[in-house]
Amino acid sequence: MACLPVPYPDELLYSVIARYGVHSGITSPKQLLDDVFQNRKIIASVAFQGHLSQISIHYQGNADLTPCKLLQAHTLFPLYSSFVHPDITEHAKHELLSDCRHSAEVQLGKAASKVKSPYYLRYCPLCVGAQVKQYGEAFWARRWQLPGLSVCAEHGMYLIGSPVLISEVHRHQFIALSPHVLLHSSPRLTTKKVAMLAAYAQQLLNLPEQRIHSLQWSCFYYQLAKQLGFVRRKRVEHNLIANLVLGYWGAHTLASFSLSISKVDENNWLRCLFRKHRKSFSYLQHLIVWQACYEQQLDLAEILFEVSQLPQSHYDDVPAHIEPVIVDQVRRTEWQHVVAKFGVKGARNQGFAGLYIWLYRHDKQWLMQFNQDSVRPSIVKINKVDWPCRDKKYVKQLISLINEVETQLDSDRHTVTWLVTHASIPLSQIKHLEKLPLCKLFFEKYCESIEEYQCRRIALACIDSLKKYEQLKAWRIERIAGLSKERTRPIVSQLLGYAVKYEAS
Ligand SMILES: [Zn+2]
């Protein structure tokens, strides 16, 4: 019996067998297969190493290394098991545990997935350094081989592709992570959001499997859309969901996961995810949406458990899940703050969807009341005031006023205030002159300057004098017009001079 090394935490079984080869000095792949499986036709699999019962025998009843535990902790099985039909999961599991040829890659959807698995085994040089320091040797970790994600969650670095090709050619070979497969390239830092996503994926690897039916997934996503306020008359508003997910990740990052979202495509993967589930989706599609919706408040274990508890019926018939009411003043204040800044709809697209969902679930009555109160004034403001219409109405009133007073020379100076009050327009409206372009033009044309007003008074005084057959004297006209030499503007004095001279001649 081969003395297989005990797997390190998060080590792939593929790596354990490869290490056994190194430790035993076995250089022939066939001899390695003979030693471990007594069968030269066994296929080496990075994601789903099969024949687990046989491997487990080498551990001689170690309770931590039963076939099921090996599957759960040392293969990529947990990345798939909760997202495909329970019967399929069960079947794939049975094949992997027993001593038979398995088709897990096809059954669990890995082979046909939109999210592609890596072609080469990958590693994080910083993790490798830590492994060597802690264990004295390096090994292939599971978390480096996730489909679609090429990031180390521990270090927030992009992974480096090793020269070890995962292909049919090497299907009977287990290749260890030894110094000669390490490349000398310096790792690059990834973004905070992508590092967080990698951390969530790592969490998922360590969660127990939940049996979830596709109807339960359909139901969960319908409720999620509802909690986000993206369901109108029972219809999911897919564009708003796309805005949320695209806004959070950006098109470039989604493309890097091979998960672009085309809003014009009626059957883009995001729309399908929020429709009735006809096929299963990759762990990465689920995580991308959850992180965009819940951000830091995402609790994978809670979601998986909750979905597994949903009834397996059509989602329209499902009563909303009632959560206990929790009053969290800090969350309430935070929501008030972000709504003041972005508005209710905007806040959900600015990374606060998670907060919204939390409040929706635990403090719905307060949330709905607060949101309603926050939305109402702006609706009133937008709907009630039709400025162009108001502008036309006011300018008509002003024109009829000016037609009336143009020939009345004895009115007060025609200032904006005088015109507005005499045209029966509320004085407060003058503050919004930039929204009333016609009125503004009117005031520019008809408001009197001091000179114009003084001229009008001189004319009026002249008419008055002439009516009384009085001689036009400068002093008399000035007195009647209420003007003094000091206050009279130069152009007005000139006019007065002409008037007096004209009358005298
Ligand atoms: Zn690392």
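Q: What makes a residue count as buried?
A: Buried means under 20% relative accessible area. Keep that cut-off handy, and remember that the model here is predicted.

Q: Okay, so how do you know that Tyr360 is buried?
A: Its relative accessible area is 17%, and the limit is under 20%, so Tyr360 counts as buried.

Q: And what about Tyr356, buried or exposed?
A: Tyr356 comes in at 5% relative accessibility, so it counts as buried.

Q: Why is the pair of Tyr356 and Tyr360 called stacked?
A: Two numbers settle it. The ring centres lie 6.4 Å apart, and rings pair if their centres are within 6.5 Å. The planes sit at 25 degrees, and under 30 degrees counts as stacked. So stacked is the right word for this pair. A search of the whole structure turns up 22 aromatic pairs.

Q: What separates Tyr356 and Tyr360 along helix H16?
A: They are 4 residues apart in H16 (residues 329-362), so about one helical turn separates them. An α-helix has 3.6 residues a turn, so residues three or four places apart point the same way.

Q: Which residues hold the zinc ion?
A: The coordinating residues are Cys124 (SG), Cys127 (SG), Cys152 (SG) and His155 (ND1), at 2.0 to 2.3 Å. Donors have to be within 2.8 Å of the metal, so these atoms qualify. In sequence, the spacing reads C-x2-C-x24-C-x2-H.

Q: What links distant parts of the chain at this zinc site?
A: That would be the pair of Cys127, in helix H8 (residues 125-135), and Cys152, in strand E2 (residues 151-152), which are 25 residues apart.

Q: Why is the site of the zinc ion called tetrahedral?
A: There are 4 donor atoms, with angles of 103 to 114 degrees among them. Four donors count as tetrahedral if all angles lie between 85 and 135 degrees, so the site fits.

Q: How do you know whether Cys127 and Cys152 are buried or exposed?
A: Check each against the cut-off again. Cys127 has 3% relative accessibility and Cys152 has 1%. Buried means under 20%, so each of these cysteines counts as buried.

Q: What puts Leu32, Leu33, Val36 and Phe37 on the same side of H2?
A: These four are buried residues of helix H2 (residues 29-37). They cover an arc of only 100 degrees around the axis, which puts them on the same side of H2. What covers the buried residues of H2 includes helix H1 (13-24) and helix H3 (52-57).

Note on methods:
Residues numbered from 1 in each chain as written. Predicted model: local features only at pLDDT ≥ 70, side-chain atom pairs only at ≥ 80, totals over all residues. Heavy atoms only, no water. Donors = N, O, S within 2.8 Å, 3.2 Å for Na, K, Ca; no water. Tetrahedral: all angles 85-135°; square planar, octahedral: opposite > 155°, others 65-115°. Helix = DSSP H or I, 4+ residues; strand = E, 2+ residues; numbered from the N terminus. Buried < 20%, exposed > 50% of the residue type's maximum accessible area, 1.4 Å probe, protein only. Arc of directions from axis to C-beta. Contact = heavy atoms within 4.5 Å. Phe/Tyr/Trp six-rings, centres within 6.5 Å; stacked < 30°, edge-to-face > 60°.
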